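The following exercises ask the reader to examine a ligand site, a pocket and the cavities of a protein. Each task is followed by a solution in steps.

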Amino acid sequence: MRMVDVITKKRNGKELSEEEIQFFIEGYTKETIPDYQVSALLMAIYFTGMTAEETARLTKAMVDSGETIDLSQVKGHKVDKHSTGGVGDKTTFIVGPLVASVGVPVAKMSGRGLGHTGGTLDKLESIEGFTIEMTKEKFIENVNTHKLAVAGQTGNLAPADKKLYSLRDVTATVDSIPLIAGSIMSKKLASGADSIVLDVKTGSGAFMKTLSESEELANEMVSIGKNLGRNTVAVISDMNQPLGFEVGNANEVKEAAEVLQGKKVTDLRNLSLELASHMTVLAEVFESYEQAYSTLEENLDNGKAFEAFRTFVQAQGGNIDMIDDLSKLPTSKHHIDVKAEQDGFVTEIDAESIGIAAMYLGAGRATKEDQINHGVGITLRKKIGDSVKAGETLVIIHSDSDQPKDSINKVLASYKIESSPVEAKKLIYKVIK
Ligand code: URA
């Protein structure tokens, strides 16, 4: 087989066979096919697309390019959850313990943050002593004993995706739906769960800005899951403003712990319940979504979910005093009120700008090498639909510098205040099964 023929076929809009896809993925991983030929193929895929079967073949080839996690030693139906990335998204810290509280095992591989979105691992490391490094045996033992473990993703899961993603980044081929869907699903499938719930974000702070693009991506990923034998459900949720009120690291852990203790942070609590309900129905612990939702809601209110969180933190070496007394979590030197300049109603909050403002403070990484400052971040005092008076606090900036000018300007620019209110945004747009 010659790579030039594979490129020509795709350029002409034809469907690639399993052998052709395997040939290029294997060749690229083993470096027998050069970047320039793969770049040409990626651009051809970008313009001519891929069928659902072709995308599933691509995903399978990427899974087969490296190691897969064998979770067969974990008892029960394993369910994974993945978010396409947003600002203030701390649902993993709520959903994991919540699902564990009804006995469903969650063996989660997570990543670090880059750019305007934070990473689960960085946030968890705000808890003193918490470690995401563990042997495979310890990971499995923790899932069996406590029903929840979170580890760093090993570099060997879907290595073809890692190489392709870097190449897409520099060849203007990132935003191709089949390539994104294959990339995300290859890592999820290699992580070994039996069923997967995807939280596909839509809006200003999301990778996909419009509902139709988000729906297309969600459909594509559900179809890959189905094609490759994993039950997959996608929830399309709003990311036109940050989720909850806290954006950062330690302050996000604190907010999640409070929701686990029954605090009614509406959007965060409702989205967590939605995702956890689908996960537990897929695991066949409940017969219906309604039954799942009401039991899980009880577990948020009766302390069972919080207890599962405490157990999980302790099992991974975290200082439990910081969870029992959340004021012991790291914080910043200064807390600066950013005030509204006029009366009115909040009609927009650009989530991406809030994420960037938090990154400027040190809560996120501009480059892979940057160190995270766990104590800094942003607390929103006003969300879309709220009324506001001039001089009232919109946002509190938690900073180690007493004059974080860039962050203040970014936050002010992200808020739109108008004289009449807007209708509240939907939280969940669609569920695709
Ligand atoms: N996240 C991924 O893992 N891959 C993509 O292609 C886009 C977002």
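**Exercise 1. The largest cavity**

Task: Determine how the residues lining the largest cavity divide by class, and which elements and domains supply them.

Solution.

Step 1. The structure is a predicted model. By class, five nonpolar, nine polar and two charged residues make up the lining of the largest cavity.

Step 2. A search of the whole structure yields two cavities of 30 Å³ or more. The largest cavity holds about 90 Å³ of space. It is lined by 16 residues, of which His116, Thr117, Gly118, Ala358 and Ala363 are the closest to its centre.

Step 3. At least two lining residues come from each of strand S6 (246-248) and helix H16 (351-361). H16 provides the largest share, three residues.

Step 4. At the level of domains, domain 2 (79-157 + 169-324) and domain 3 (331-418) each contribute at least three residues to this lining.

**Exercise 2. The second largest cavity**

Task: State which residues line the second largest cavity, and identify the element with the largest share of that lining.

Solution.

Step 1. The space in the second largest cavity is about 40 Å³. Its lining is formed by Lys81, Thr92, Val95, Gly96, Val106, Lys108, Leu148, Val150 and Met279.

Step 2. Two or more of the lining residues come from each of helix H5 (91-100), strand S2 (106-110) and strand S3 (148-152). The largest share belongs to H5, with three residues.

Step 3. Sorted by class, the lining comprises five nonpolar, two polar and two charged residues.

**Exercise 3. The second largest pocket**

Task: Explain why the second largest pocket lies between two domains, and describe its lining.

Solution.

Step 1. The volume of the second largest pocket is about 350 Å³. Among its 20 lining residues, those closest to the centre are Glu246, Asn251, Lys254, Thr379 and His398.

Step 2. Helix H11 (250-260) and strand S11 (393-399) supply at least two lining residues each. H11 gives the most, with five.

Step 3. The lining consists of seven nonpolar, seven polar and six charged residues.

Step 4. The pocket lies between domain 2 (79-157 + 169-324) and domain 3 (331-418) because both of these domains give residues to its lining.

**Exercise 4. The ligand and its surroundings**

Task: Identify the residues around the ligand, and find which side chains place polar atoms at short listed distances from ligand atoms.

Solution.

Step 1. The ligand is surrounded by Tyr165, Arg168, Ile180, Ser183, Ile184, Lys187 and Phe207. By class, this shell has four nonpolar residues, one polar residue and two charged residues.

Step 2. Consider the side chains in turn. An N or O atom in the side chain of Arg168 is 2.9 Å from an oxygen atom of the ligand. For Ser183, a polar side-chain atom lies 2.6 Å from a nitrogen atom of the ligand. For Lys187, a polar side-chain atom lies 2.5 Å from an oxygen atom of the ligand. With a cut-off of 3.5 Å for a pair of N or O atoms, each of these pairs is a polar contact.

Step 3. The area of the ligand is considered next. Taken alone, the ligand exposes 240 Å², and the protein buries 83% of that area.

Step 4. Two elements give two or more residues to the shell: helix H8 (159-169) and helix H9 (177-190). H9 gives the most, with four residues.

How values were computed
Residues are numbered from 1 along each chain as its sequence is written. This is a predicted model: local features need pLDDT of at least 70, side-chain atom pairs count only at pLDDT 80 or more; totals for chains, interfaces and linings use all residues. Side-chain values use heavy atoms; hydrogens and water are left out. A residue is near a molecule or strand if one of its heavy atoms lies within 4 Å of it. A polar contact is a pair of N or O atoms within 3.5 Å; within protein, one must be able to donate a hydrogen and the other to accept it, and residues adjacent in sequence count only if both atoms are side-chain atoms. Accessible areas come from the Shrake-Rupley method with a 1.4 Å probe; for residues, only the protein chains shown count as cover. Ala, Val, Leu, Ile, Met, Phe, Trp, Tyr, Cys and Pro count as nonpolar, Asp, Glu, Lys and Arg as charged, and the others, Gly among them, as polar. On a 1 Å grid over the protein atoms alone, a cavity is a set of points where a 1.4 Å probe fits but cannot get out, and a pocket is an open set with protein on both sides within 12 Å along at least five of seven lines; lining residues have an atom within 4 Å of a point. Grid points are joined across faces, edges and corners, and a volume is the space filled by probe spheres set on the points. Domain bounds come from an automatic or database domain assignment.
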